[in-house]
Amino acid sequence: MERLQGFFLKSPQDLFSHHPYTIYKQEEENQGKQLEENEMQEEEREDSAALIMDMELRTTNHPGRNWGKQRRQNLTPKIITYFILINLLIFIVAFLLGYIAFRGSCQSCKVSVSEVSDDLGYELAPETSGSTLYWADLREMFHKYLDEEQLKSSIRTMSLLERSSGSPGMTALSHQIRDMFYQQKLDHVWMDTHYVGLQFPDPAQPNTLHWINGSGDILGELQLEDPDVYCPYSAKGSAIGGLIYANYGQLKDMLVLQEKGLDPKGHLLLVRIGHVSFAEKVSNAEAFGALGVLIYPDPADIHPDLHKKLRLSNHTAVYGHVHLGTGDPYTPGFPSFNQTQFPPVESSGLPSIPVQPISANIAAQLLRKLSGPKAPPEWKGTLSDTPYQLGPGPTLRLVVNNHRASTPIISIFGCIEGRSEPDHYIVIGAQRDAWGPGAAKSAVGTAILLELVRTFSAMVRNGFQPRRSLLFVSWDAGDFGNVGATEWLEGYLTMLHLKAAVYVSLDNAVLGDDQFHAKTSPLLTSLIKSILKQVDSPNHSGQTLYDQVVVPGQSWEAEVIRPLPMDSSAYSFTAFGGVPAVEFSFTEESPPYPFLNTKEDTYENLHGALQGRLPAVARAVVMVVGQLLIRLSHDRLLPLDFGCYGDVILKHIGRLNEFSGDLKARGLTLQWIYSARGDYIRSAEKLQKEIYSSEESNERLMRMYNVRIMRVEFYFLSQYVSPAIYPFRHIFLGQGNHTLRALLEHLQLLRDEGVGDSSIRNSRSHFEEGRLRRQLALLTWTLQGAANALSGDVWNIDNNF
């Protein structure tokens, strides 16, 4: 085959050039078969095509030279040309048919499955034959076994069950889900139990809020309308101070207050829900010296188009934890197994001030008591008869009596083992617990997880076999900061970064239906785009989901792609474990679904907010995730775009250029960072060329490439800081002095020095040149390490350092 390919790849000039030819003639007169070499110089003037044909005839016919000459006289150049073209056409057709059959076959399945690497491949996939499954067949098979009615029933059932962590109902549900996994004949089913520190309200000593006078005497109590709603991980104790309104509690809001002569230090802050998490609001308040925080939902942040009966009640408070981190905050960086006995330690993300959620009605009473300057127009909500002044106001005393309890939490695992790469996992997880009904919070995600298990099990029974293992997980204690997912990562970190290829989160999957967002690692962006073009829109007949969410003239990434938020389990997998992850969410175009984390997050409210389309939207999520899982678990080569990180690095370090002058003045340069980026790009291009020139049927080679590809995200975890001190080591997503964000914030302090009133700045931060040099070094060598690791073997590394 190689000889034929080489022949037809030659140019016409090579084929028809006039050179002396050496012919080996068969002599009939001689005894035996003696080869005689004869230089045919006189044949150069003859027709080249005839010469080639003569060569063929002499070597394949035995009557002798005279017969060959007579035969050659009957062959005209036209006939010879037709003969060559016909043979060439036959060869090309045979080659293409063989190539397509080879590409379409799958040695890891009981039957063959075509692999798809781009959108064109979807359209050109051959039709199903008796013994072969192609991409279109897999999509049809997944569609066939997916049951929308079962999905709808599961969401409703889950929302009616009591699912708070540590409760008897949660324990019973854990065993029911384990039994469901067993019923689906999964290859492996097991449960993991961790003993974690969770915080709960004390029924005997409820949290309180009082007016007090200058002497500390109680003037009256503000009766909390939702006394059992609380903020897990709030500091226990009391705080006394005047009240200041601080909008959303963002860092820029604190600076605005200082500019208006209102220092948060020594005061209680009233902030509204939105823009940043509860934990970030409290962290910002504490950084500026506030003594306590009250958090409320403003009607302005509720969808204006919802029917009045679907609006969040003004008497309802919203639940949310305030730990700036994930996992058990009392064993940061370590797993919380029962047998572990770590010395007392707390996460640096735990607040030291009390925090309490309150209803909009209580917030209105507080706002009406405030004096001082008027709030900026963009700070004003829509509470009736409320002037929205900044304060300060009358003195308040906030008392929080939440207590910590060691609580067993249970996560359930079920695995469909891969055939070719069983030790490489595609992990799919969903939070199971909820404070209240939790229809949107966790019932939808759990129902989707169970439906994926049922559907893929049916596919396996009908011939589909993934190359890599599918690991389905139901997490516990998600409402406390993804404790279940993070503790599992901490317990098995030394092996998971070698085995977990991708993580897919099913949390917060349906919070609306106008927009579709993918909070993801950059490695998955290209694959997500491809999948969205294959899934039908739940709202617009005849359109794909890609058509629905992408605005003409706008970048699709700007419309769809979002960074991973800390309150997602996907964040823990990427920022802590170095595993690329994604979380999909349907949301509303206007302010978000208002009932999340409240007692009103019921099936009826979620179904009503979507105008009866909840099952259809949930099904669309299942289709997106299902097709993603087929590609990730089955393609010979993991469909992760490792080359994209070159652009990601450039985008991030481009922000450093603003400070190049400041760095140069201190004898520092960004040259080495750009050099590291260049090495990464060259390593990625080299790997792409190696893959392109390799044979896909070489299982050993494909596995070697997959190992390098699946560890790319891990390469961006700083190896120069301790995971016990800085659990989130990712230089782009993590937290700590090793991150790019910390470096930029530090450089900004350099510019702020000596500018304006020092009281406007956070007194806890100041510029340190030594720390800046260390930050630059950590960032540079992490990038260089990623480039070196992607190169493969040490003898392939070629850099300028």
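This is a guided tour of a predicted model, moving from the whole chain to single residues.

**The whole chain**

Begin with the entire protein chain, whose secondary structure comes to 28 helices and 19 strands. Buried residues make up 53% of its 801 residues, and the chain exposes about 35800 Å², of which carbon and sulfur atoms supply 52%. Among contacts between residues at least 6 apart in sequence, 77% join residues at least 24 apart.

**Colour by confidence**

Next, colour the chain by pLDDT, which has a mean of 83, with 82% of the residues reaching 70 or more. Select residues 1-72, where pLDDT stays under 50 and where the model has 66 contacts beyond four places in sequence. Then select residues 117-131, over which the pLDDT is also below 50. Where pLDDT is low, the predicted coordinates should not be read in detail.

**The seven-stranded sheet**

Now select the open sheet formed by seven strands in the order S7-S6-S12-S8-S9-S10-S11, in which the pairing is mixed. The edge strands, each pairing on one side only, are S7 (218-221) and S11 (355-357), and from one strand to the next the twist averages 35°. Within this sheet, show S8 (residues 237-245) together with S12 (residues 395-400): the two run antiparallel and are joined by six bridges, and Ala239 stands opposite Leu398 in S12.

Add helix H12 (residues 360-367), which lies across S6 (208-212), S8, S9 (268-272), S10 (292-296) and S12, and which runs at about 120° to S10. In the loop between H12 and S12, look for Pro392; the peptide bond from Gly391 to Pro392 is cis, with omega near 5°.

**The nonpolar cores**

Which residues have the most contacts inside the largest nonpolar core? In this core of 189 residues they are Leu366, Leu452, Phe456 and Tyr680, while helix H13 (residues 439-461) gives the largest share of the core, 14 residues. Centre the view on Tyr680 and, leaving aside its neighbours within four places in sequence, show the residues in contact with it, among them Phe642, Tyr645, Ile649, Val712, Phe716 and Leu790. A second, separate core has 24 residues, including Phe413, Trp475, Ala570 and Ala581.

**Strand S19 and its partners**

Ala581 leads on to strand S19 (residues 581-587), which is mostly covered, with seven of its seven residues buried. Display the side chains here: Ala581, Glu583, Ser585 and Thr587 point one way from S19, whereas Val582, Phe584 and Phe586 point the other way. Strand S16 (residues 500-505) runs parallel to S19 and is joined to it by three bridges, with Val504 standing opposite Val582. Strand S17 (residues 515-520), by contrast, runs antiparallel to S19 and has six bridges to it, and Lys519 is the bridge partner of Glu583.

**Two loop residues**

Finish with two loops, beginning at Ala477 between strand S15 (468-475) and helix H14 (483-491). The phi of Ala477 is near 60°, a positive value in a residue other than glycine. Is Ala477 buried or exposed? Ala477 counts as buried because its relative accessibility is 0%.

Then move to Asn597, in the loop between S19 and helix H20 (603-609), where phi is near 65°, again a positive value in a residue other than glycine. Asn597 has 16% relative accessibility and therefore counts as buried, since the cut-off for that term is under 20%.

Conventions
Residues are numbered from 1 along each chain as its sequence is written. This is a predicted model: local features need pLDDT of at least 70, side-chain atom pairs count only at pLDDT 80 or more; totals for chains, interfaces and linings use all residues. Side-chain values use heavy atoms; hydrogens and water are left out. Buried means under 20% relative accessible area, exposed over 50%, partly exposed in between (1.4 Å probe, protein chains only). Helices (H or I, at least four residues) and strands (E, at least two) are DSSP runs, numbered from the N terminus. Two strands pair if DSSP finds at least two bridges between them. A nonpolar core is a set of buried Ala, Val, Leu, Ile, Met, Phe, Trp, Tyr and Cys residues joined through side-chain atoms within 4.5 Å. Contact means heavy atoms within 4.5 Å. Accessible areas come from the Shrake-Rupley method with a 1.4 Å probe; for residues, only the protein chains shown count as cover. Axes are lines fitted to C-alpha atoms, for helices over the stretch in contact, and angles run from 0 to 180 degrees between N-to-C directions. pLDDT is the predictor's confidence in each residue, from 0 to 100.
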